[in-house]
Amino acid sequence: MKVIELDAGGWLTPLDFYDALLASLGAPERHGRNINALIDSMIVGDINSVEAPYGVVVTGLNKAHEDAFDELTQAFAALARHNNQAHITGNDAWVEIT
């Protein structure tokens, strides 16, 4: 399984989270920067160059701004509601897209 590794240490805004994740997924420029768009591309598929199954590991969350941390938390929770595994702590997070 492919694993995408991201460092959240410099994230200040939710857009920093989306920009890092979407670049790693090979998302097109037109991809929306919101949770619904992530569900469409990561769960439904056929949008990004990286397709399931894959995992996303994020480290450095304790250094990310609260706004970026909160957006990641909401996004990973939404992905988990679609039969994926997700885990979030104060410093790192992972989600497995199957």
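Which elements are included in what covers the buried residues of α3? The tour works towards that point through a predicted model, starting with the sheet.

Select the four strands, which form an open sheet in the order β1-β2-β4-β3 with mixed pairing. At the edges stand β1 (2–7) and β3, each of which has a single partner strand, so one side of each is left without a neighbour in the sheet. Neighbouring strands of this sheet are turned against each other by 10° on average, with direction ignored.

Next, show β1 together with β2, a parallel pair joined by six bridges; if you pick E5, its bridge partner in β2 is V57.

Move then to the other edge, where β3 (residues 85–88) and β4 (residues 93–97) are paired in the antiparallel sense over four bridges. Follow the chain through the four residues of the hairpin that joins β3 to β4, and label H87, whose bridge partner in β4 is W94.

Now select α3 (residues 66–80), a helix of 15 residues that reaches 21 Å from its first C-alpha to its last, close to the 21 Å expected at 1.5 Å a residue. Colour A68, E71, L72, A75, F76, A78 and L79, which are buried in this helix, and turn the view until you look down the axis of α3: the buried residues fall within an arc of 155°, so they line one face of the helix. An α-helix has 3.6 residues a turn, so residues three or four places apart point the same way.

Finally, bring back what lies over that face, since the opening question can be settled here: the cover of the buried residues of α3 includes α1 (14–25), α2 (35–44), β2 (54–59), β3 and β4.

Key
Residues are numbered from 1 along each chain as its sequence is written. This is a predicted model: local features need pLDDT of at least 70, side-chain atom pairs count only at pLDDT 80 or more; totals for chains, interfaces and linings use all residues. Side-chain values use heavy atoms; hydrogens and water are left out. Two strands pair if DSSP finds at least two bridges between them. Helices (H or I, at least four residues) and strands (E, at least two) are DSSP runs, numbered from the N terminus. The expected span of a helix is 1.5 Å times one less than its number of residues. Buried means under 20% relative accessible area, exposed over 50%, partly exposed in between (1.4 Å probe, protein chains only). The arc is that of the directions from the helix axis to the C-beta atoms. Contact means heavy atoms within 4.5 Å. Axes are lines fitted to C-alpha atoms, for helices over the stretch in contact, and angles run from 0 to 180 degrees between N-to-C directions.
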